[in-house]
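Me: I am new to this structure and would like a close look at a single part, the place where two helices pack and the core around them. Please take it slowly and explain the terms.

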Amino acid sequence: MPSGNPPAKTGSTAATRPTKPGKAAPLQVRPPARRDVRRGPTAADAIHRDLRAEIVSLRRKPGDPIVEKQIAEAYGVSRTPVREAVLRLADEGLIEIFPQSGTFVARIPLEALPEAGVIRKVLERATVRFAAERASRSQIAALRACLEQQREVDAVGDANGFHQADETFHALITEMAGYPGFWTIIQQAKVQLDRCRRLTLPVPGRMRTVIAEHEAIVEAIAARDPDRAERSLTLHLDNLQITVDDVRNAAPLYFSGSLSDAGLTGAAMEGTP
C-alpha cells in the first residue's frame with residue numbers, strides 16, 4: 001500500500017479533495033452508469049478494469065473517494081466483487097485504504113517513476129529487436145494500419161483516442177517479437193507514468209512528432225534492421241521524458257514523495273503519449 005498520511009477523518013467514506021487556500025471545490029462523485037454484469041469473479045474483473053481505466057485516465061483523480069456502496073449499486077452487484085476489485089487496485093498502488101477514514105484514489109508516487117521508465121525501456125528495446133527479426137508481412141501491415149489510425153485521431157485532436165492507438169502500437173511490437181507477455185509487464189510498470197502523462201499532455205504538435213517517431217520504428221522493422229529499430233525506439237522513448245518540473249507544476253497535490261527518495265533528484269522519466 002502506498003505510504004502517506006490519511007486524509008482528515010470526516011465521519012464517512014467521502015472526503016474533500018485538497019484545494020488551494022481560499023478556493024472551495026465541493027466533491028462530486030459520479031458513479032458509472034449502471035451496467036449489466038454477472039455476479040462473482042466476472043463482475044470483479046469488470047469493476048477492476050473500469051475503475052483502473054478511470055484512475056489511469058484521471059477521470060477519478062488522486063484524492064477522490066472510492067465509495068464501494070455506490071459502485072456496487074451502479075453495477076447491480078453486492079459489495080463483495082467491488083471489494084475484491086478495490087483490493088487488487090490497492091496492490092497495484094492505485095488506491096489507498098485508510099481504516100476509519102475511507103478509501104481514496106492514490107496519489108502518484110514520484111519516487112516510483114524513474115524505475116518504471118527504466119523497466120519499460122529495457123523491455124521495449126529487447127522486443128523491438130526481436131520484432132525486426134521475426135515480423136511477418138501481415139504484422140508489418142497491421143503496424144502501418146495502426147499508424148494510419150494515429151493520423152486520423154490526431155487530425156481531429158482526439159488525445160484519448162491517440163493514447164489508445166499508441167498503446168496498440170507498442171503492444172503489436174511485443175506480439176511481433178513473440179513475447180506478448182512483455183506488454184503486460186510494461187503496462188504494470190508504467191501505470192503511474194501514464195497518469196503523469198495525462199496531466200502534462202497534450203502538447204500542441206506532440207502527436208505528430210510521435211507519429212513520425214513511430215514511422216521510423218516501423219520502417220526499421222520492415223527493413224529487418226534490429227540495430228536501427230532499437231535506435232529508433234530508444235530515441236522515441238527518450239523524447240517522451242517527463243521532467244521533474246513538468247510533474248511538479250502540473251498538479252502538485254496529486255503527488256506523494258519525491259525523486260530524492262530514489263536518489264534521482266533532477267532526473268527525467270520516460271513516459272507515454
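Reply: What follows describes one helix pair and then the nonpolar core.

This is a predicted model, in which local features need pLDDT of at least 70 and side-chain atom pairs count only at pLDDT 80 or more, while totals for chains, interfaces and linings use all residues. Residues are numbered from 1 along each chain as its sequence is written, and side-chain values use heavy atoms, with hydrogens and water left out.

The axes of helix 5 (residues 137-155) and helix 9 (residues 206-222) come within 10 Å and cross at roughly 170°; axes are lines fitted to C-alpha atoms, for helices over the stretch in contact, with angles from 0 to 180 degrees between N-to-C directions, and helices are DSSP runs (H or I) of at least four residues, numbered from the N terminus. That crossing makes helix 5 roughly antiparallel to helix 9, a term for angles over 145 degrees.

In contact, meaning heavy atoms within 4.5 Å, residues of helix 5 including Ile140, Leu143 and Leu147 meet residues of helix 9, among them Ile211, Val218 and Ile221.

Leu143 and Ile221 also appear among the residues with the most contacts inside the largest nonpolar core, which has 25 residues; such a core is a set of buried Ala, Val, Leu, Ile, Met, Phe, Trp, Tyr and Cys residues joined through side-chain atoms within 4.5 Å, where buried means under 20% relative accessible area (1.4 Å probe, protein chains only). Helix 9 gives the most to this core, with seven residues. Methionine 176 touches Ile140, Leu143 and Ile221, among others, not counting residues up to four places away in sequence.

Terms used
Helix = DSSP H or I, 4+ residues; strand = E, 2+ residues; numbered from the N terminus. Parallel < 35°, antiparallel > 145°, perpendicular 65-115°, else oblique. Buried < 20%, exposed > 50% of the residue type's maximum accessible area, 1.4 Å probe, protein only.
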